[in-house]
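Trainee: I should like to understand the terms used for the structure shown below. May I ask about them one by one?

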Amino acid sequence: MPNDSEWFENWFDEDYLTLYAHRDLSEARRFVNVLWSALELEAGALVADIPCGAGRYSLAFAERGARVVGMDFSPVMLHRAAEACMLGYACPLFVRGDMRHIPLIGRFHLVANIFSSLGYFESENDNFMAFSELARLLAPGGFLIVDVVNPACLREHFIAETQRAVGDAIVSERRELDLENKRVIKHVDINKGSTTRLIRESVRLYEQNELFDFTVACKLHRLEFWGDYSGASLTPQSPRLILVARKN
């Protein structure tokens, strides 16, 4: 289980959902449609969405007829995902767990790790453990999708500070590139009148060759790298670095 020093333990809550409200079900449906076509998935496919957050990708996969398990560490996110099911969407199964020790059996046709969810841990051994756990879940012939920010694009278009209004809050974000440890660090200040909440994010940046090395270590076959949610080929200017790998 995470220790007290790990930043993500208490961050993924209602404030996070408010800040990232634009990352919604409509966006998830568009990417799921791309995956469904490119990977030739069929109704009844077993899909693991890890971490699932508030369940937008889990729901989008379920709408296409997949049998979905979503896993997350945050009780708030899992509660919001369950609420979405109550609104009448196709209902996946949601469970709580740590990516380093996923409490599921490996038999999935697709394991999806979407929106910069690899690299949370300070220990690179822990990050690789999380990747290998995702790979372990695959059935023979199953696909692994790992979606992270493209470091080349991030460095080229790096923005150190931003400020924006979100509802009744003023949100200030200060970013640092830790080149030695290959991490992007973000300090988020959420100001609501007389109250201020301070959050520090720290996420490992992965180059294309590093993800390739992970696939080799986990005995996966690397199919290709995409550069965005349309499935376009990766270039240095692509905003995303999306690994598409398969288990033999």
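**Cavity and sheet**

Mentor: Please do, and bear in mind that this is a predicted model. One statement to begin with is that the lining of the largest cavity has six nonpolar, one polar and one charged residues.

Trainee: What makes a space in this structure a cavity?

Mentor: A cavity is a set of points where a 1.4 Å probe fits but cannot get out. The search of the whole structure finds one cavity of 30 Å³ or more, and about 30 Å³ of space lies in the largest cavity.

Trainee: Which residues line the largest cavity?

Mentor: They are Ser116, Leu118, Val148, Val149, Val203, Arg204, Leu205 and Tyr206. Two elements, β5 (138-149) and β9 (195-204), each give two or more residues to this lining. Arg counts as charged, so Arg204 is the charged residue in the lining. Ser counts as polar because it is among neither the nonpolar nor the charged types.

Trainee: How do you know that β7 and β8 pair?

Mentor: Two strands pair if there are at least two bridges between them. Nine bridges join β7 (residues 169-178) to β8 (residues 183-192), so the condition is met. These two strands run antiparallel. As an example, Ile170 has Asn191 in β8 as its bridge partner.

Trainee: Why are β6 and β9 called edge strands?

Mentor: The open sheet has four strands in the order β6-β7-β8-β9, with antiparallel pairing. The strands β6 (161-166) and β9 each pair on one side only. On average, neighbouring strands of this sheet are turned by 20° against each other, direction ignored.

Definitions and conventions: Residues numbered from 1 in each chain as written. Predicted model: local features only at pLDDT ≥ 70, side-chain atom pairs only at ≥ 80, totals over all residues. Heavy atoms only, no water. 1 Å grid on protein atoms, 1.4 Å probe; cavity = no way out; pocket = protein on both sides within 12 Å on 5 of 7 lines; lining within 4 Å. Points joined across faces, edges and corners; volume = space filled by probe spheres on them. Axes fitted to C-alpha atoms, helices over the stretch in contact; angles between N-to-C directions.
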